[in-house]
Amino acid sequence: MTSETQQDAPMEGAPLIKPSTIDHPMYDSVVAACRTVFDPEIPVNIYDLGLIYTIEISDEDDVQIIMTLTAPGCPVAGEMPGWVQDAVSCVAGIKSVDVEMTFDPQWGMDMMSDEARLELGFM
């Protein structure tokens with residue numbers, strides 16, 4: 001393994017998903033806004049489905065969201081980031097919203113909340 005490859009590899013024990021800024025006073029409001037967005041094919045909101053990986057809120061109240069889809073070929077792949085941006089932009093005090101799509105790590109059913117599993121009959 002070259003030193004360049006070692007630099008590109010994630011550190012052992014490092015999280016696959018960047019942590020959210022859960023201590024920001026607007027975090028719960030941003031989560032609530034994300035919960036208003038639904039995948040049209042699944043009757044559960046995208047937050048409880050586990051499609052929102054990271055919510056980062058700066059001290060200036062700018063929001064960066066990293067999200068995924070249940071599958072890369074999802075028919076609403078081009079639209080869903082805009083739906084999330086529109087929903088979060090409505091939160092009072094938020095200055096800007098940037099939504100980034102990723103497929104690393106790939107979404108899996110284990111990322112769903114217990115509420116989503118129950119709603120979909122997996123519990």
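Me: In this predicted model, helices and strands are DSSP runs, numbered from the N terminus. Between which two elements does the loop that holds T68 lie?
Reply: Since elements are numbered from the N terminus, the loop can be named by the elements on either side. T68 belongs to the loop between strand 2 and helix 4.

Me: Is T68 buried or exposed?
Reply: A residue counts as buried when its relative accessible area is under 20%. For T68 the relative accessible area is 0%, so T68 is buried.

Me: Which residue offers a backbone oxygen to the side chain of T68, at 2.7 Å from a polar atom?
Reply: T68 touches several residues, not counting those up to four places away in sequence, including L51, Y53, M101, T102 and W107. The backbone oxygen that lies 2.7 Å from a polar atom of the T68 side chain is that of T102.

Me: Why is one side of strand 1 and of strand 3 left without a neighbour in the sheet?
Reply: Three strands form an open sheet with mixed pairing, in the order 1-2-3. Strand 1 (52-57) and strand 3 (96-101) therefore each have a single partner strand, because both stand at the edges.

Me: Which residue of strand 2 is the bridge partner of I55?
Reply: Strand 1 and strand 2 (residues 62-67) pair in the antiparallel sense, over five bridges. In strand 2, the partner of I55 is I65.

Me: Which strands does helix 4 touch as it packs on the sheet?
Reply: Helix 4 covers residues 80-89, and its direction makes about 155° with that of strand 3. The strands that helix 4 touches are strand 1, strand 2 and strand 3.

Notes:
Residues are numbered from 1 along each chain as its sequence is written. This is a predicted model: local features need pLDDT of at least 70, side-chain atom pairs count only at pLDDT 80 or more; totals for chains, interfaces and linings use all residues. Side-chain values use heavy atoms; hydrogens and water are left out. Two strands pair if DSSP finds at least two bridges between them. Helices (H or I, at least four residues) and strands (E, at least two) are DSSP runs, numbered from the N terminus. Contact means heavy atoms within 4.5 Å. Axes are lines fitted to C-alpha atoms, for helices over the stretch in contact, and angles run from 0 to 180 degrees between N-to-C directions. Buried means under 20% relative accessible area, exposed over 50%, partly exposed in between (1.4 Å probe, protein chains only). A polar contact is a pair of N or O atoms within 3.5 Å; within protein, one must be able to donate a hydrogen and the other to accept it, and residues adjacent in sequence count only if both atoms are side-chain atoms.
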